[in-house]
Amino acid sequence: MGENRNFSRRGFLRSSAIGAAGALMGTSTLANDSNRIRKEPVIIKRKLGKTDIDVPVVSFGVMRSDNAALVKSAFEMGFVHFDTANSYQEGRNETMLGELFKSYPRDSFVLATKVYPDDIDRQTGAMGPGATKESILTKFETSLKRLQMNYVDILYFHGVSTREVALAPQMLEAFDELKKQGKARYIGMSTHQNEADVIQAAIDSNFYDVVLTAINFKHSQADLIKQKIAVAAEKGIGIVAMKTMAGGFMDRERQRPINCSAALKWVLQDTNIHTSIPGIVAYDQMIQNFSVMESLELTEKEKADLEEAKLVAGLYCDGCSQCLPQCKKKLPVHEYMRAYMYTYGYRHFDNALTLLQELGGSSNPCGDCRVCTVICPKGFRVAERINDVARLSDVPRELVV
Amino acid sequence: MFKKLMMTNLMLAVVLYVHAGDSGLYPQIPGWKMQEEKRVYTAGDLWELIDGAADIFLSYYFQDLHVAEYTSKEQIIRVELYRHATSENAYGIFTAERMPDYPQVNIGSLGYKSQGVVNFMAGTYYVKIMSAGVQEVDESTLAMVAKQVDAKLAQPVGLPDEIKLFPEEGKVYLSDNYIAQNFLGYSFFHAAFSARYGDPGDIQLFVIRSTPEEVQKMLDQYFTMLKEDKVVRKNGYFVINDLFNGTVFLKQQGNTLIGVLNTNNEEVALGYLNKVAERIP
Ligand code: SF4
Ligand code: SF4
């Protein structure tokens, strides 16, 4: 390691990093603010429900193992809580964190990991006969070995999408045993499908200490999830937010990036949400996220960016495919929704026309189907949209600009 | 450029829909019933299958994932085909997940096995094959299926040319990898190949290849961020005091940027820089 890596004093790194931030983030605002450079930042912290964990509102979602220096810098800068999973990078993610944190006092950081049992259908969440207590215990032992730790602070039941799975007795037994053995200080569950039901299950269980849930400004169920979060938080369950950046882009083509600070602030303005775990892969992101720890107030530009992103989200099909089996004519409904977005969202008429032609070029794909059987979770009236956008098929390409 | 990209995406999306459930990617294997999942995962929904692990796949320009299961009595073999934009990206995600201590198998490129699993790389594909039923599938059967999947994919065998730039002497076994974005945590560095050296294997060599202009631009951005007093210009190389990454030694040779990390020994670093430089064709 380079000599200059050894001065790991948090204050130094914070101030120097903020100094470097202007160049990294393509703005001089932070770098030129000399008061800010000298001032020790006041970090907004929240207590994670009834646990004894008190963490900054922004934590670190560890996504890659190739840059331990980034995680180390984040820790030295003031990030406290690091989130990984047994399955990330086939375990290399946990291994990297173990190597890194072995030289720090165990109580100086909060480590969360996640496991799911064998034989669980990752799409439906349904558990097969192989989803045993033992499979959880075995996987978690592997995690502890990789992490080189005797315990983790939070152990999540990973990716729960149904109430039944959340409350499966053999799972509760496994996690309870690990908690009693002191190998997991707190037990949580993570969810990014059917979140409201899963949070309700956590509330009803009287078992889970923490819930890690997907939530962001353009989540189609955001209001409902926030209602459940409020009830869970009231009951003392710690709430951690993930997928706060809503995928980082407004569109599936990943052409229009989301203002990530704004998206993160939107989530954290809800005080029932105690911390968040955005994935961080670069120093500019790290510094930007650190600045969110200091102020959750949305600037005028951030407000405008969020408004715009919400507008685009209204046109945006999630590609969840739920419409496909529902359509009586087996139309590729999501592709028509895409054509609709090109037409009304981007005004890329030629792209829309190309797509429509690929889909058969009919100007009336629903034909004689009078009653639409599709119920889209985003609330799209798909038949109206299909028939609206398909009319473009009749327009000669020369007239499309 | 944007238009071209968009058109490619559109056409791909349509092709995906048409072929879903019948991609032609999977071989029929006597004695096994093959069933392809209708759903084809894309960058927009990969997380629904693999949760947060999807993020790293996306950073390697993940394109789509086809899944199929082979069933024979109580045994199930699940075959996942992750397709990435280029073979470099497939190599990158493959190496990001590879455990160097797993035994190698002669399947595809860089195949390896662990209990109930065979993983390998084939062209733009990262292939994962696993025993997925209650009754475990034995090693030789998994290998047989893996070989047939590899043959059906019929992808070119081999590794990215850049790997050959790393000298074999002193290289830590299977330490080479490819980072597609934000190398060293800086967005301006784009993609890099790297490998580890020395004992205990801390020294990291890296190679970034682009056009000479782009390499110069990366250097300019790096130096602007660092401030001049952190960069010492030597005869044909730079010694950099990087707040986040420690001492970094850099050398530009045409369209290639060579770097050494995690050592303060200038002589050792220079030795590595020159060894790589000599290997550039
Ligand atoms: S159900 Fe709605 S959001 Fe889902 S793919 Fe169909 S149109 Fe899109
Ligand atoms: S109205 Fe159109 S979209 Fe709705 S079910 Fe009929 S064919 Fe399908």
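What share of the contacts in chain B with a separation of 6 or more comes from residues 24 or more positions apart? The share is 58%, where a contact means heavy atoms within 4.5 Å. This is a predicted model, so local features need pLDDT of at least 70 and side-chain atom pairs count only at pLDDT 80 or more, while totals for chains, interfaces and linings use all residues. Residues are numbered from 1 along each chain as its sequence is written, chains are lettered from A and ligands numbered from 1 in the order in which they are written, and side-chain values use heavy atoms, with hydrogens and water left out.

**How confident is the predictor?**

- For the complex, the predictor gives an ipTM of 0.80 and a pTM of 0.79.
- Chain A has a mean pLDDT of 86, with 85% of its residues at 70 or more; pLDDT is the predictor's confidence in each residue, from 0 to 100.
- Two stretches of chain A to treat separately are residues 1-9, where pLDDT stays under 50 and the model has 18 contacts beyond four places in sequence, and residues 26-38, also under 50, with 19 such contacts.
- Chain B comes out with a mean pLDDT of 88, and 92% of its residues reach 70 or more.
- Residues 1-20 of chain B have pLDDT below 50, and this stretch has 36 contacts in the model beyond near neighbours in sequence.

**Chain A overall**

- Chain A has 16 helices and 11 strands; these are DSSP runs numbered from the N terminus, with helices being H or I over at least four residues and strands being E over at least two.
- Of its 401 residues, 58% are buried; buried means under 20% relative accessible area, exposed means over 50%, and partly exposed is in between, using a 1.4 Å probe and protein chains only.
- Among chain A contacts with a separation of 6 or more, 74% join residues 24 or more positions apart.
- Its accessible surface is about 16,200 Å², and carbon and sulfur atoms account for 50% of that; the areas come from the Shrake-Rupley method with a 1.4 Å probe, and for residues only the protein chains shown count as cover.

**Chain B overall**

- Chain B has 7 helices and 14 strands.
- Its C-alpha atoms fill a box of roughly 65 × 45 × 35 Å along the principal axes.
- Buried residues are 56% of its 281 residues.
- About 12,000 Å² of chain B is exposed surface, with 52% of it supplied by carbon and sulfur atoms.
- Chain B carries 25 positive and 34 negative charges, and their mean positions sit 4 Å apart. Lys and Arg count as positive and Asp and Glu as negative, with His and the chain ends not counted; each charge is placed at NZ of Lys, CZ of Arg, CG of Asp or CD of Glu.

**Helix α4 of chain A**

- This helix spans residues 68-77 and is mostly covered, with 9 of its 10 residues buried.
- The buried set includes the charged residues A:Lys72 and A:Glu76, along with A:Leu70, A:Val71 and A:Phe75.
- Generally speaking, an α-helix has 3.6 residues a turn, so residues three or four places apart point the same way.
- Right after α4(A), A:Gly78 has a positive phi of about 135°.

**Positive phi outside glycine**

- A:Asp119 has a phi near 60°, a positive value in a residue other than glycine. A:Asp119 sits in the loop between β5 (110-115) and α6 (133-147) of chain A, and is partly exposed because its relative accessible area is 29%.
- A:Asn206 is not a glycine either, yet has a positive phi of about 55°. Its place is the loop between α9 (195-205) and β8 (210-214) of chain A, and A:Asn206 counts as exposed because its relative accessibility is 62%.

**Residues to look at in chain B**

- B:Glu97 lies in helix α4 (residues 87-97) of chain B and counts as buried because its relative accessible area is 2%.
- Setting aside neighbours within four places in sequence, B:Glu97 touches residues of chain A (A:Gln89, A:Glu90 and A:Arg92) and of chain B (B:Phe57, B:Tyr112, B:Tyr126 and B:Lys128).
- B:Arg39 is in the loop between β1 (33-36) and β2 (41-42) of chain B, and counts as buried because its relative accessibility is 19%.
- B:Arg39 and B:His66 are 27 residues apart in sequence, with their C-alpha atoms 7.6 Å apart in space.

**Cysteines**

- There are 0 disulfides over all chains, a disulfide being a pair of cysteine sulfur atoms within 2.5 Å.
- A:Cys369 is partly exposed because its relative accessibility is 25%, and A:Cys372 is partly exposed because its value is 40%.
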